[in-house]
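Here is a short briefing on a ligand and its protein surroundings. Start with the shell, then move to the metal and the polar contacts.

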Amino acid sequence: MNRNISLYDALGGEAAIRSIVECFYPKVQNHPLLGPIFPEDINPVMEKQFLFLTQFFGGPHLYSEQHGHPMMRARHLPFPITPERAEAWLSCMREALKEAGIDSELAAFALERLSGPAHHFVNTTE
Ligand code: HEM
């Protein structure tokens with residue numbers, strides 16, 4: 001990857017992040033471990049994830065501008081996040097990156113960046 005551009009730009013900027021988010025949430029909703037802990041109206045979550053991933057991958061700080069400090073681990077505390085759910089989240093994301101047509105090397109890099117936070121958000125074993 002060209003080291004002078006952000007992962008956000010390498011992925012394809014706003015259109016790519018939108019597409020990843022749109023591919024991701026149907027998989028989350030259909031996943032037996034993940035679906036039940038997400039609200040039925042997924043649109044607000046999708047919008048926040050678009051804002052957050054934009055910022056997380058090195059694009060404009062849209063999430064912080066609208067919602068303040070991310071504090072993502074704290075924001076996930078109300079939800080029981082087991083190691084299995086973290087793996088499930090990452091596997092839905094792996095499929096979403098593929099479906100969104102992200103180059104496989106870039107997708108692996110993005111997943112590696114997400115894997116630290118995903119495991120860090122684990123807050124229960126059951
Ligand atoms: C480890 C597995 C994960 C699970 C099970 C999980 C689950 C959830 C749930 C249940 C919500 C709340 C939906 C609601 O508003 O009711 C949420 C929100 C969110 N998650 Fe996750 N999540 C995980 C990992 C991640 C990761 C790795 C990221 C990004 C690095 C992330 C980013 C977000 C964002 C941006 C929101 C919206 C926060 C807000 O309300 O402002 N999540 N997640």
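Helix α3 gives the most to the shell around the ligand, with four residues. The model is predicted. The space that the ligand takes is the largest pocket. Elements giving two or more residues to the shell are α3 (43-56), α5, α6 (83-99) and α7 (104-120).

**Shell make-up**
- The ligand has 20 residues around it.
- Coming nearest are Phe-38, Lys-48, Gln-49, Tyr-63 and His-76.
- By class, 15 residues of the shell are nonpolar.
- Two shell residues are polar, and three are charged.

**Iron site**
- His-76 is the single protein donor to the iron atom of the ligand.
- The donor atom is NE2 of His-76, and it lies 2.0 Å from the iron.
- Helix α5 (residues 72-76) holds His-76.
- His-76 is also among the residues that come nearest to the ligand.

**Polar contacts with ligand oxygen**
- Tyr-63 has a side-chain N or O atom 2.5 Å from an oxygen atom of the ligand.
- Lys-48 places a polar side-chain atom 3.2 Å from an oxygen atom of the ligand.
- Both Tyr-63 and Lys-48 are listed among the residues that come nearest to the ligand.

**Polar contact with ligand nitrogen**
- Trp-89 has a side-chain N or O atom 3.5 Å from a nitrogen atom of the ligand.

Key
Residues are numbered from 1 along each chain as its sequence is written. This is a predicted model: local features need pLDDT of at least 70, side-chain atom pairs count only at pLDDT 80 or more; totals for chains, interfaces and linings use all residues. Side-chain values use heavy atoms; hydrogens and water are left out. Donors are N, O and S atoms within 2.8 Å of the metal (3.2 Å for Na, K and Ca); water is not among the atoms, so sites may look incomplete. A residue is near a molecule or strand if one of its heavy atoms lies within 4 Å of it. A polar contact is a pair of N or O atoms within 3.5 Å; within protein, one must be able to donate a hydrogen and the other to accept it, and residues adjacent in sequence count only if both atoms are side-chain atoms. On a 1 Å grid over the protein atoms alone, a cavity is a set of points where a 1.4 Å probe fits but cannot get out, and a pocket is an open set with protein on both sides within 12 Å along at least five of seven lines; lining residues have an atom within 4 Å of a point. A molecule sits in a cavity or pocket if more than half of its atoms lie within 2 Å of its grid points. Ala, Val, Leu, Ile, Met, Phe, Trp, Tyr, Cys and Pro count as nonpolar, Asp, Glu, Lys and Arg as charged, and the others, Gly among them, as polar.
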